[in-house]
Amino acid sequence: MWETHESVKGVVAYGLDDRYAQSATEADAVKIHEVHLRGLKPNTTYQYRVSDGSGGAFKAWFTTAPPLGTKDWRMVVYGDNRSNPETHRGNVEQILQLTPGIVLNSGGLVARGREYDQWK
């Protein structure tokens, strides 16, 4: 998911390398985008590029979950991190040392969640 300033059709190109052999496109132009990627293999690293509608693109990578039944993997869940950025930075550094397969933030990103401006 991501947000754009203007309504555009979101496009995510992805693949095993930066040739991005697959893509997924939204049906409608929107500002809040949600694109589902299909046919991903377990325990595989994919590169992806998100088009923002203005000719620019965000590039990154992710690794999919291990196969069902895998017994040895790490997950980190944490939250309430809207205050004390130095403490949060230290927590993130410790999390990265664990090399978890997934990190979930349970919330507390803003003081007043119903105020949209706090999420920007």
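Strands are DSSP runs of E spanning at least two residues, numbered from the N terminus. In the predicted model described here, leucine 104 belongs to strand β8. The relative accessible area of leucine 104 is 38%, so this residue is classed as partly exposed, between the limits of 20% and 50%.

Confidence was examined for the chain and its elements. The mean pLDDT of the protein chain is 90, and 100% of the residues score at least 70. Among the elements of the chain, the highest mean pLDDT, 96, belongs to strand β2 (residues 11–15), and the lowest, 89, to strand β1 (residues 2–8).

Leucine 104 is also part of a nonpolar patch on the surface, together with Trp73, Met75, Val77 and Ile102. The accessible area of these residues together is about 470 Å². At least two residues of the patch come from β7 (75–78), and at least two from β8 (102–105). Within β7, Met75 and Val77 make up the uncovered face, whereas Val76 and Tyr78 make up the covered face. Both residues of the uncovered face, Met75 and Val77, are thus named in the patch.

The two strands that supply these residues are paired. The pairing of β7 with β8 is parallel and comprises four bridges. In this arrangement, methionine 75 lies opposite isoleucine 102 of β8. The connection between the strands runs from β7 through α1 to β8, forming a right-handed β-α-β crossover.

Charged side chains were considered next. Side chains of opposite charge can pair when their charged atoms come close. With a cut-off of 4 Å between a side-chain nitrogen of Lys or Arg and a carboxyl oxygen of Asp or Glu, the count is two salt bridges.

One salt bridge joins the side chains of glutamate 86 and arginine 89, with an N to O distance of 2.7 Å. Glutamate 86 and arginine 89 are about one helical turn apart, because three residues separate their positions in helix α1 (residues 85–97). Glutamate 86 has a relative accessibility of 59% and therefore counts as exposed, while arginine 89, at 44%, counts as partly exposed.

The other salt bridge links the side chains of aspartate 17 and arginine 19, at an N to O distance of 2.6 Å. Aspartate 17 is partly exposed, with a relative accessibility of 24%. For arginine 19 the corresponding value is 68%, so this residue is classed as exposed.

Note on methods
Residues are numbered from 1 along each chain as its sequence is written. This is a predicted model: local features need pLDDT of at least 70, side-chain atom pairs count only at pLDDT 80 or more; totals for chains, interfaces and linings use all residues. Side-chain values use heavy atoms; hydrogens and water are left out. Buried means under 20% relative accessible area, exposed over 50%, partly exposed in between (1.4 Å probe, protein chains only). pLDDT is the predictor's confidence in each residue, from 0 to 100. Patches are made of residues with over 30% relative accessible area and no salt bridge: like charges are joined within 9 Å, nonpolar side chains (Val, Leu, Ile, Met, Phe, Trp, Tyr) within 5 Å. Accessible areas come from the Shrake-Rupley method with a 1.4 Å probe; for residues, only the protein chains shown count as cover. Two strands pair if DSSP finds at least two bridges between them. A crossover is right-handed if, with the strands pointing away from the viewer, the path from the first strand over the helix to the second runs clockwise.
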